[in-house]
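I opened a fresh page for this model. Entries follow in the order I looked things up.

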Amino acid sequence: ANRKRDVIKKVIAYMTLGYDVSRLFGEMVMASSTADIIVKKMCYLYLSNYAKSNEELATLCINTMTKDCQDSDPMVRGLALRSLSSLGLESTIEYLLPVLHKGLRDSSAYVRRNAVMAVLKLYQLRPELVKDVDDGDVDFVDRLYNMIQDRDTTVTSACLMVLTEVMMEEGGIAINDKLVMHLLNRIREFTEWGQCIVLDLCAKYRPKTKEETFAIMNILDGELKVANSAVVLGTTKCFLRYADTLPDLKVSIYLRLKQPILTLMTGANRELRYSLLKHIHVMVMRCPGIFDAEFKQFYCHYNEPMHVKFVKLKILPELTNEENVHELVAELSEYVADVNQEMAKAALDAFGRIAVKIPAGADGIINQLLDFINMEIDYVRSGVVCVIKDLLRKYPDRAADVLPALPRCLRKIEDPIGRAAVIFMLGEYAREMRQTPYLLENLIENYDNEN
């Protein structure tokens with residue numbers, strides 16, 4: 001028996017490495033007729049993988065699988081049902097339907113869960129069979145809706161997932177208050193994966209009254225303390241949706257979400273940190289001021305990937321106020337000299353947004369931008385003049401300080417976008433600068449050489 005296991009393990013190993021071992025299909029069919037659950041599991045894995053390329057031989061294993069669906073061991077029944085539905089052959093449907101009906105009523109939760117997933121595999125083969133074939137007086141869709149009340153939460157999770165997929169053309173699973181409250185009252189019984197499915201469903205539901213909204217949020221409040229990041233973010237999604245219906249409590253709801261998200265940020269990997277930052281960006285746009293006191297937590301670090309830095313540079317201007325504007329400007333100044341051009345341009349754009357948002361800090365920011373013009377870096381100069389061009393529209397009184405630097409910028413800048421920004425300012429303030437016609441004359445003479 002051990003030798004047989006070792007041989008089959010090698011076959012499975014070669015299969016996972018990409019080697020073609022389909023010539024052993026007949027032998028594996030015969031090997032699957034065994035009482036050894038480990039050997040049976042490996043054989044069924046092999047058969048499911050090669051069934052489509054050996055459709056004629058695959059019919060040989062159907063009898064073994066259907067026989068195993070009647071086994072007294074629920075592990076064998078569940079494994080056989082899962083494997084039979086995974087063959088992916090239309091010729092197996094007539095054998096699958098009877099065991100599928102029986103599996104949905106099985107006393108074992110493991111078998112019922114595999115039967116529910118088999119409904120989805122049947123739907124992928126023949127969609128009309130799932131929605132039209134009657135099981136007595138109840139079709140598969142109605143039976144799955146009834147099974148949401150199942151005593152085992154893994155079965156309930158599978159039902160929700162399958163119904164979401166099957167009912168996609170109809171707009172997804174039908175949601176009502178009774179269903180939502182039933183799931184929420186049992187949410188602690190679900191696995192973390194199951195909780196995410198329930199939370200996604202709750203985010204789509206729109207409570208009819210304030211009292212119902214409060215009841216849902218009170219239940220979900222405990223989910224913000226869960227260690228799993230997906231559960232916390234799923235709960236956050238629900239709170240953000242419900243906050244739009246409660247404008248009087250919007251700030252309080254956002255403040256409740258603040259600490260759990262910041263806690264996740266401390267130990268998050270790069271991918272999770274990016275997702276959290278995108279959530280925070282949405283929150284600060286919808287409810288300004290809630291993260292202002294924590295602005296230092298959004299400073300960029302040298303070892304962070306660029307996509308994380310870019311999101312932080314979008315968030316930082318939104319956290320600026322008259323009290324922290326000078327600290328933020330000093331921090332952003334460090335990013336302008338970054339070797340990455342896109343990073344430097346993003347930092348300069350942040351300068352512009354801060355200057356527009358905080359008029360009290362605009363003078364200092366424009367002076368800082370004029371200092372950047374002296375840097376011998378073309379993309380910095382180009383970015384600076386583009387930002388200044390936009391700021392002069394809001395603060396035209398600062399034009400007198402900017403105009404003397406334009407002739408030098410026009411000579412030094414090579415980037416077409418930066419040169420276009422300089423020309424725009426020369427034309428806009430031509431009356432205040434007598435040498436403008438001469439500067440433009442040189443450009444006209446070299447027009448054919450311009451990019």
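I took helices (H or I, at least four residues) and strands (E, at least two) as DSSP runs, numbered from the N terminus. On that basis I place Ala109 in helix α8, which covers residues 109-125.

Ground rules next. This is a predicted model, so I note that local features need pLDDT of at least 70, that side-chain atom pairs count only at pLDDT 80 or more, and that totals for chains, interfaces and linings use all residues. Residues are numbered from 1 along each chain as its sequence is written, and side-chain values use heavy atoms, with hydrogens and water left out.

**Entry: overall form**

I counted secondary structure. The protein has 26 helices and two strands. I then looked up the radius of gyration, taken over C-alpha atoms; the globule rule is 2.2 Å times the number of residues to the power 0.38. A compact globule of 451 residues would come out near 22 Å, but this protein has 32 Å. Along its principal axes, the C-alpha trace spans about 95 × 60 × 40 Å.

For contacts I used heavy atoms within 4.5 Å. Of the contacts between residues at least 6 apart in sequence, 63% join residues at least 24 apart.

**Entry: surface and charge**

I computed accessible areas by the Shrake-Rupley method with a 1.4 Å probe; for residues, only the protein chains shown count as cover. The accessible surface of the protein is about 22800 Å². Carbon and sulfur atoms hold 51% of that surface.

For burial I kept three classes: buried is under 20% relative accessible area, exposed is over 50%, and partly exposed is in between (1.4 Å probe, protein chains only). Buried residues make up 50% of the 451 in the protein.

For charge, I counted Lys and Arg as positive and Asp and Glu as negative, leaving out His and the chain ends. I placed each charge at NZ of Lys, CZ of Arg, CG of Asp or CD of Glu. The protein has 56 positive and 62 negative charges, and their mean positions are 4 Å apart.

**Entry: helix α8**

I went back to Ala109. Beyond residues up to four places away in sequence, Ala109 touches Asp152 and Val155. I also took a distance along the chain: the C-alpha atoms of Ala109 and Gln124, 15 residues apart, are separated by 23 Å.

Asn114 also lies in helix α8. Is Asn114 buried or exposed? Asn114 counts as buried because its relative accessible area is 6%. Outside the four-place window, Asn114 touches Gly78, Leu79, Leu81 and Arg82.

**Entry: helix α5**

Met65 is in helix α5, residues 62-68. Its relative accessible area is 0%, so Met65 is buried. I list its contacts past four places in sequence as Tyr44, Leu47, Ala80, Ser83, Leu84 and Leu87. Arg77 is twelve residues from Met65 in sequence and 8.7 Å away in space, C-alpha to C-alpha.

Asn63 shares helix α5. Asn63 counts as exposed because its relative accessibility is 55%. How far apart in space are Asn63 and Asn442? I get 88 Å between their C-alpha atoms, across 379 residues of sequence.

**Entry: helices α11 and α17**

I found Leu160 in helix α11, residues 153-166. At 1% relative accessible area, Leu160 is buried. Its contacts, leaving aside neighbours within four places, are Ile148, Ile173, Leu183, Ile197, Val198 and Leu201. Leu160 and Gly383 are 223 residues apart in sequence and 51 Å apart in space, C-alpha to C-alpha.

His281 sits in helix α17, residues 270-286. His281 counts as buried because its relative accessibility is 18%. With the same neighbours left aside, His281 is in contact with Lys314 and Ile315.

**Entry: nonpolar core**

In soluble globular proteins, nonpolar side chains tend to be buried together. I defined a nonpolar core as a set of buried Ala, Val, Leu, Ile, Met, Phe, Trp, Tyr and Cys residues joined through side-chain atoms within 4.5 Å. The largest one has 159 residues. Which residues have the most contacts inside it? They are Tyr46, Phe298 and Leu369. I followed up Leu369: past four places in sequence, Leu369 is in contact with Leu348, Phe351, Val384, Val387, Ile388 and Leu391.
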